[in-house]
Amino acid sequence: GVNIDDESLHVIAQKADGAMRDALTIFDQTVAFCGTDVKYEEVLKNLNVLDYDYSFNLVDAFLSGDYGSALLKFDEILSKGFNALHFCAALSSHFRDLMVTKNGGLDALLELPDSLKARYVEQASRCSLKFLYDALSITSACEAGYKQAVNPRLHIEFALMKLSFLMKAPDASRPVVEAAKVAAGAVRKAETAGSATEPATSVTEPVEVAKVIGAGVLSNVTSA
């Protein structure tokens, strides 16, 4: 007499971690909390489990290089009271499932409801195997070093940034290029002013000055 979907049953089975007696107990508790018409969202809330949507959305942000969205999504997860280490473990599991999905002959290794398998197939088709391997390496290292981190939140945020830069690396040379442009503009102004008052005086080439100033900026950035 209980209406419940496959996704909710899958969450209960995962929470029980392979123990049938625990699964039956969690099921009874879920029915007591949700009633005979069990909704997926209520099961997630009752069992304090992260929705799969978070992992799917985060991977989309990583693929587009949008580290800002990834950081905001992590902040939203923390604000809802979820454990940061459990979040990192869930992200690792998601990358693992994407890697398994990437290989069509490994379906037996996927413990997912049929309604979710299609979403995994779609997202896996947009991920290269190298991206998934590198991403799983980052999240696994993040899990391993979490308890030793002085600032656990920053530890995970840095991992999210590295994941965002797998497909689209940041342009580290941009500050130097911008500084060179500004320097070249300043020299051109000086050259114009100098030619108006002292026509015979030569001014150092803008490009050379830009190179010198740009190199100085790069040196400062590197030493910092």
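This report covers helix 6 of a predicted model, with its packing against helix 9 and the setting of T101.

## Helix 6: length and burial

Helix 6 runs over residues 84-102. At 1.5 Å a residue, its 19 residues should span 27 Å. The end C-alpha atoms lie 27 Å apart, so the expected span and the model agree.

Buried positions in helix 6 are A84, F87, C88, L91, S92, H94, F95, D97, L98, V100 and T101. Their packing partners are helix 4 (52-64), helix 5 (67-79), helix 7 (114-124), helix 8 (129-145) and helix 9.

## Packing against helix 9

Helix 9 covers residues 152-164. Its axis comes within 11 Å of the axis of helix 6, and the two cross at roughly 25°. Angles under 35 degrees count as roughly parallel. Helix 6 and helix 9 are therefore roughly parallel to each other. The crossing is left-handed.

From helix 6, the contact uses A84, F87, C88, L91 and F95. Helix 9 supplies I156, L160 and L163. By class, this contact has eight nonpolar residues, with no polar and no charged ones.

An α-helix has 3.6 residues a turn, so residues three or four places apart point the same way.

## T101

T101 belongs to helix 6. Is T101 buried or exposed? Its relative accessibility is 12%, so T101 counts as buried; the cut-off for buried is under 20%.

Which residues does T101 touch, leaving aside neighbours within four places in sequence? The contacts are L110, Y120, V121 and A124.

Terms used
Residues numbered from 1 in each chain as written. Predicted model: local features only at pLDDT ≥ 70, side-chain atom pairs only at ≥ 80, totals over all residues. Heavy atoms only, no water. Axes fitted to C-alpha atoms, helices over the stretch in contact; angles between N-to-C directions. Helix = DSSP H or I, 4+ residues; strand = E, 2+ residues; numbered from the N terminus. Parallel < 35°, antiparallel > 145°, perpendicular 65-115°, else oblique. Left-handed = near helix turned anticlockwise from the far one by under 90°. Contact = heavy atoms within 4.5 Å. Nonpolar A, V, L, I, M, F, W, Y, C, P; charged D, E, K, R; others polar. Expected span 1.5 Å × (residues − 1). Buried < 20%, exposed > 50% of the residue type's maximum accessible area, 1.4 Å probe, protein only.
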